[in-house]
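Reader: I'd like to go through this model and ask how each label is earned. Can you set the values against the definitions for me?

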Amino acid sequence: MATRSAVAKALPKSGRAAVKTAAPAKRPAAGKKKPEAPAPGDFAPVVGAKLAKLGIHNRADLILHLPLRYEDETRITPIDQLADGVFAQVEGGVISAEIMYRPKRSLVCQVRDGSGVLYLRFLNFYGSQLKQLQEGRRLRVSGEPRTGFFGAEMIHPRYREVQEGDPLPASLTPVYPATAGLGQATLRKLTVSAIADARRAGQLGETAPAEASARLHLPSFEQALDTLHFPLPGASTAALAERSDPAWRRMKFDELLAQQLSLQRAYRARRVQGAPVLAGVADAKGDSLLARFTHALPFALTKAQQRVALEIADDLQSPHPMRRLLQGDVGSGKTVVAALAACRAIDAGYQAAFMAPTEILAEQHFRKLAQWLEPLGVRIAWLAGSLKKRDKEAGAAALASGEAQLAIGTHALFQDKVSFARLGLAVIDEQHRFGVGQRLALTAKGAGVAPSGKGADAIADVRPHQLMMSATPIPRTLAMTYYADLDVSVIDELPPGRTPVVTKLIADTRRDEVIERIRDACGAGLQVYWVCPLIEESETLQLRAAEETYERLSEMLQGLNVGLVHGRLKSDEKAEVMAQFAANRVQVLVATTVIEVGVDVPNASLMVVEHAERFGLSQLHQLRGRVGRGAAESVCILLYQAPLGETARARLKVMFETTDGFVVAREDLALRGPGEFLGRRQSGAAMLRFADLELDLDLVEAARDCAQAMLTANDPLADAHLRRWLGGREAFLGV
Ligand code: ADP
Ligand code: MG
């Protein structure tokens with residue numbers, strides 16, 4: 001039987017890592033059935049498959065599979081002191097057990113202790129239970145009491161027969177995240193033995209620097225493990241439940257430290273890779289592409305755009321690959337900043353590639369950049385999956401020969417067949433839409449050799465610079481954690497002359513009024529988006545809904561041209577509809593979420609989103625960003641169907657109250673958690689399981705500084721720490 005060697009309660013405030021030892025305490029009683037003993041370091045296949053569902057692949061993972069909460073079975077509560085809804089354990093004798101039919105068929109058993117009577121009620125039960133619960137037996141019962149039909153009762157409590165004086169468990173009972181077929185008893189047993197073995201093998205030592213632990217008053221790793229897996233009866237259940245106990249903070253810090261070490265290491269690794277130096281060649285003379293482009297732009301750059309353009313220019317002039325994330329709310333003007341960077345690459349004799357996640361967006365970038373840059377003599381290749389084979393081959397050939405200086409396209413850009421003569425810069429728009437692997441593929445296309453034969457080619461491992469753009473503003477804590485391997489630039493200002501979009505929430509029973517508004521807007525020469533509901537289960541259903549909406553609106557809006565665009569259209573058909581809309585030959589565009597990102601038609605000033613309650617918050621924000629791009633006052637109508645669920649109501653409320661992308665992002669993060677919020681960037685990477693980015697900001701900062709110090713000092717603990725926390729899962733981090 002495992003025993004604990006040390007007890008970690010709060011450390012003394014002095015921060016000295018004093019270790020209090022206590023008499024060995026017995027581990028909590030496990031269930032009756034004995035699981036097969038797991039092979040050392042591995043699990044029996046059946047259990048192994050279930051553990052894998054919980055993300056547990058080896059015994060080390062098991063040790064870090066920490067309890068969700070605790071139940072206190074170390075004490076017996078007298079029945080007359082039970083509090084509604086508060087977990088408790090009661091011990092008493094059975095005075096009766098019978099099947100009752102009111103208010104519902106159930107097995108009801110009365111247990112009495114010296115202070116009162118508790119009713120146990122089972123709605124699902126076996127006949128054999130009735131026999132077990134015989135009068136006179138002594139039971140230990142635990143669960144959440146409530147005041148029921150007869151008085152104090154527990155529904156489906158856990159119970160077992162005991163003899164008077166049977167010892168109580170010495171520590172709180174941990175409740176682990178579990179899965180079907182793998183219950184608490186088994187998990188507890190496996191965990192206890194994994195910890196005992198690791199302790200014997202001396203594997204629970206410190207992997208974080210002692211100074212950091214002392215400064216933050218954190219207990220040792222081993223103490224923290226013991227506190228969390230086997231907390232003593234006196235432990236503060238509140239601090240454990242809220243995860244504010246020093247033992248929890250220890251685990252959170254370690255987890256954050258692993259993340260920081262891994263990302264900062266990726267950052268440092270990049271500093272020894274080579275990249276082409278994209279220095280402005282002829283800025284002074286004013287005849288560089290950059291100078292001519294800046295001069296030809298029909299608007300002045302905002303201060304924020306100028307600032308981020310300079311930050312990017314600095315990176316491009318360094319001989320190491322840039323990995324910069326350019327954040328800016330929808331409509332803040334990221335495209336032109338990317339175009340400026342592309343000009344620098346082209347000026348230096350390199351190629352630039354501009355990749356967008358959807359064909360509609362890529363096409364739009366192509367049109368815009370061609371309009372800006374072709375008059376200045378830039379040769380552009382356009383590559384999308386749906387192009388005719390011949391066109392695709394021609395585009396690829398122009399990139400391979402170096403004849404084309406700028407490539408614009410979808411993920412078709414980084415397929416094997418496409419090679420670049422000398423790629424200097426890859427721009428990835430709406431980066432959160434791409435998988436890690438896709439971005440890796442694009443940068444894996446080496447930068448090739450500088451036309452001069454000098455500079456970059458002297459370094460063996462030459463990578464293109466990478467500029468990632470995202471309209472999902474990332475709250476500071478997220479940037480400090482998940483994006484610690486990137487440099488971040490923020491455009492925090494919209495171009496002048498924009499009027500904020502007014503958002504209205506309208507029940508879809510008032511659809512007629514909305515149709516009137518559409519007529520008015522189009523009558524005034526403006527244009528309208530109508531976004532169809534998201535039907536996640538089926539693309540076919542989604543399509544049918546869009547087609548029906550299109551037909552209904554065409555009928556109701558006689559005299560106006562209504563267009564339809566959705567994901568199943570061929571790309572030239574999509575392009576045709578978008579071109580019609582951009583030219584105001586179509587006034588009302590019925591669309592699925594294919595228009596969600598990037599689409600830019602400034603004359604569109606009214607958007608209607610049908611079944612807005614089905615959309616996610618950042619999706620609604622992106623959609624809304626399609627309007628408010630021109631001078632006209634814009635309105636976004638969120639049509640919803642009552643009744644609204646709690647989260648849907650919360651989302652719509654946020655949309656109604658703010659147009660600030662940062663506020664939206666913060667609320668979205670709070671509603672969804674970082675895993676979903678970040679989307680695919682983190683696929684394959686270890687997520688933060690324990691740390692809470694809102695509550696644990698001090699730990700985030702401490703972990704960042706600590707990782708920095710460890711890497712600078714070449715601390716060998718860094719490897720040990722990463723092995724413990726990330727195992728083999730590090731591969732995808734830092735792409
Ligand atoms: P996003 O950041 O959402 O990608 P875009 O790059 O599509 O935004 O820019 C939105 C619109 O604003 C485009 O029509 C663009 O030409 C225009 N724009 C960009 N910068 C400025 C500026 N400084 N002044 C005026 N209009 C601008
Ligand atoms: Mg954009």
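Reader: What makes strand 4 and strand 7 a pair?

Author: In this predicted model, strand 4 (residues 117–122) and strand 7 (residues 152–155) are joined by three bridges in the parallel sense. Two strands count as paired if DSSP finds at least two bridges between them, so three bridges qualify. Arg-121, for instance, has Ile-155 of strand 7 as its bridge partner. Strands here are DSSP runs of E with at least two residues, and helices are runs of H or I with at least four, numbered from the N terminus.

Reader: And what ground rules sit behind that?

Author: Residues are numbered from 1 along each chain as its sequence is written, while chains are lettered from A and ligands numbered from 1 in the order in which they are written. As the model is predicted, local features need pLDDT of at least 70 and side-chain atom pairs count only at pLDDT 80 or more, with totals for chains, interfaces and linings using all residues, and side-chain values use heavy atoms, leaving out hydrogens and water.

Reader: Which strand pairs with strand 7 in the antiparallel sense?

Author: That's strand 6, joined to strand 7 by three bridges. Arg-146 stands opposite Glu-153 there. The two form a hairpin with four residues between them, and Gly-151 in the turn has a positive phi of about 140°.

Reader: Why is the pairing of the seven-stranded sheet called mixed?

Author: Strands of a sheet can pair either parallel or antiparallel, through backbone hydrogen bonds. This open sheet has the order 6-7-4-3-2-5-8, and it holds both kinds: strand 4 with strand 7 is parallel, while strand 2 (residues 88–100) with strand 5 (residues 138–143) is antiparallel over six bridges. In that second pair, Gly-92 stands opposite Leu-139.

Reader: What makes strand 17 and strand 19 edge strands?

Author: They belong to an open sheet of six strands in the order 17-22-21-18-20-19, with parallel pairing. Strand 17 (502–507) and strand 19 (562–565) each pair on one side only. The twist averages 20° from one strand to the next, with axes as lines fitted to C-alpha atoms (for helices, over the stretch in contact) and angles running from 0 to 180 degrees between N-to-C directions. Strand 17 is joined to strand 22 (residues 635–640) by six bridges, with Lys-504 and Ile-637 as one set of partners.

Reader: How do you know which way helix 17 runs against strand 19?

Author: Helix 17 (residues 539–556) runs at about 175° to strand 19. On a scale from 0 to 180 degrees between N-to-C directions, that value is close to the upper end, so the two directions are nearly opposite. Helix 17 also lies across strand 18 (527–531) and strand 20 (588–591), contact meaning heavy atoms within 4.5 Å.

Reader: What makes Ala-300 and Gln-305 polar contacts of ligand 1?

Author: A polar contact is a pair of N or O atoms within 3.5 Å (within protein, one must be able to donate a hydrogen and the other to accept it, and residues adjacent in sequence count only if both atoms are side-chain atoms). A backbone N or O atom of Ala-300 lies 2.9 Å from a nitrogen atom of ligand 1, and a polar side-chain atom of Gln-305 lies 2.8 Å from a nitrogen atom of the ligand, so both fall within the cut-off.

Reader: Where is the cis peptide bond?

Author: Between Ala-642 and Pro-643, with omega about -5°. Pro-643 lies in the loop between strand 22 and helix 20 (646–657).
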